[in-house]
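This briefing concerns the ligand site of the structure shown below, followed by two notes on backbone geometry. Please read it with the structure at hand.

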Amino acid sequence: MIRNEGVRVKVPASTANLGPGFDTLGMALPIYSWIEMKESECTQFHLYGDQMNGLSKDKSNLVYQVAQLVFDEAGVSVPEIEISMYSDIPLTRGLGSSASAIIGGMVAANALIGSPLSNDKLFDMATNLEGHPDNVGASLFGGIITAVWDGTHADYIRLEPDNNLEVLVVIPEFQLSTSEARSVLPDQISREDAVYNISRSSLLVAALSQGRFELIGRAMSDRLHQPYRASLVPGMSRILEEAPNRGALGVALSGAGPTLLALVDRRNLRKTDLETYLLDTLREYGIEASARWLDPANDGVIISENIRFNSFLDMIKGEVEA
Ligand code: HSE
């Protein structure tokens with residue numbers, strides 16, 4: 001039942017919330033992590049690249065832990081595994097690096113033992129760990145997901161991103177932990193703010209599914225988390241207000257931040273101006289950042305076939321240079 005040659009998976013990054021859809025909406029982005037997993041005589045880790053700094057190389061490692069959750073759930077014992085990891089996803093910037101590690105570890109572990117658990121089951125398990133389904137859902141299923149978590153089970157619908165939808169992410173050099181960015185949120189909000197967000201989040205999902213780009217900007221505004229997080233990302237409030245007049249369809253904090261995300265119509269001719277505006281504005285507030293233009297990732301996690309023909313290191317070299 002165990003695949004002796006091991007398994008390798010490729011997992012996309014993700015952005016969560018898209019403005020009003022706090023803990024609800026997610027979109028997969030084409031920045032990737034790779035995880036390889038094999039049964040072994042003793043547990044060992046091979047961690048490659050800058051984004052692995054600080055990750056533990058013992059059984060407290062998150063990928064090891066989630067693999068064991070999958071084996072337990074499936075009733076299979078695989079106590080010792082060899083794990084290789086490489087990631088291009090920046091850590092603690094609001095691009096779902098921990099969600100990608102959870103999904104990669106779970107999907108690899110499940111594939112290693114012949115895939116007894118469904119993706120829907122893995123989604124429930126991953127959401128239970130993260131506490132919200134937005135990032136893990138996007139990394140697992142790809143595209144755009146809208147999801148509901150009842151504490152045990154996640155219901156979701158995956159939307160196919162419109163072909164003309166492009167994403168600009170501006171990634172500040174500083175890190176912001178999700179726990180810090182959640183600690184500033186109030187426990188209670190007014191009914192008026194609740195209605196403000198429910199209505200916009202619903203409109204955003206409908207606009208994204210029907211390609212109604214003209215509604216995206218107004219639908220992306222939020223009163224549930226971004227106003228409270230503004231002090232953690234200097235320049236953000238100004239950007240949220242001004243970027244729609246500089247060529248963005250809509251703009252939001254990516255997940256818990258500090259990355260900012262603009263949705264753009266790829267036919268727009270002002271893309272360079274928009275990028276310059278975002279970088280210059282952050283710089284005015286003393287923040288250096290890098291910009292990346294991305295298409296939404298239509299695919300979620302992918303299990304590689306035929307991994308015996310190239311080593312993990314050769315694979316990374318090929319993928320990263322490609
Ligand atoms: N929905 C989450 C938040 C995403 O905004 O806190 C970050 O993990």
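A pocket is an open set of points, on a 1 Å grid over the protein atoms alone, with protein on both sides within 12 Å along at least five of seven lines. In this predicted model, the ligand occupies the space of the largest pocket. Because domain 1 (7–160 + 297–321) and domain 2 (165–294) both contribute residues to the shell around the ligand, the ligand lies between them.

**Shell around the ligand**
- The surrounding residues are Ala 16, Asn 17, Phe 22, Asp 23, His 132, Asp 134, Asn 135, Thr 178, Arg 182, Arg 229, Gly 255 and Ala 256.
- By class, the shell comprises three nonpolar, five polar and four charged residues.

**Polar contacts and cover**
- The side chain of Asn 17 places an N or O atom 2.8 Å from an oxygen atom of the ligand.
- A polar side-chain atom of Arg 229 is likewise 2.8 Å from a ligand oxygen atom.
- For Asp 134, an N or O atom of the side chain is 2.6 Å from a nitrogen atom of the ligand.
- Of the 260 Å² of accessible area that the ligand has on its own, the protein covers 94%.
- Two or more residues of the shell come from each of the elements α4 (134–141) and α5 (178–183).

**Backbone geometry**
- Gly 257 and Pro 258 are joined by a cis peptide bond, with omega about 10 degrees.
- Pro 258 belongs to the loop between β8 (250–253) and β9 (260–265).
- Leu 18, a residue other than glycine, has a positive phi near 50 degrees.
- The loop between β1 (7–16) and β2 (25–39) holds Leu 18.

Definitions and conventions. Residues are numbered from 1 along each chain as its sequence is written. This is a predicted model: local features need pLDDT of at least 70, side-chain atom pairs count only at pLDDT 80 or more; totals for chains, interfaces and linings use all residues. Side-chain values use heavy atoms; hydrogens and water are left out. A residue is near a molecule or strand if one of its heavy atoms lies within 4 Å of it. A polar contact is a pair of N or O atoms within 3.5 Å; within protein, one must be able to donate a hydrogen and the other to accept it, and residues adjacent in sequence count only if both atoms are side-chain atoms. Accessible areas come from the Shrake-Rupley method with a 1.4 Å probe; for residues, only the protein chains shown count as cover. On a 1 Å grid over the protein atoms alone, a cavity is a set of points where a 1.4 Å probe fits but cannot get out, and a pocket is an open set with protein on both sides within 12 Å along at least five of seven lines; lining residues have an atom within 4 Å of a point. A molecule sits in a cavity or pocket if more than half of its atoms lie within 2 Å of its grid points. Helices (H or I, at least four residues) and strands (E, at least two) are DSSP runs, numbered from the N terminus. Ala, Val, Leu, Ile, Met, Phe, Trp, Tyr, Cys and Pro count as nonpolar, Asp, Glu, Lys and Arg as charged, and the others, Gly among them, as polar. Domain bounds come from an automatic or database domain assignment.
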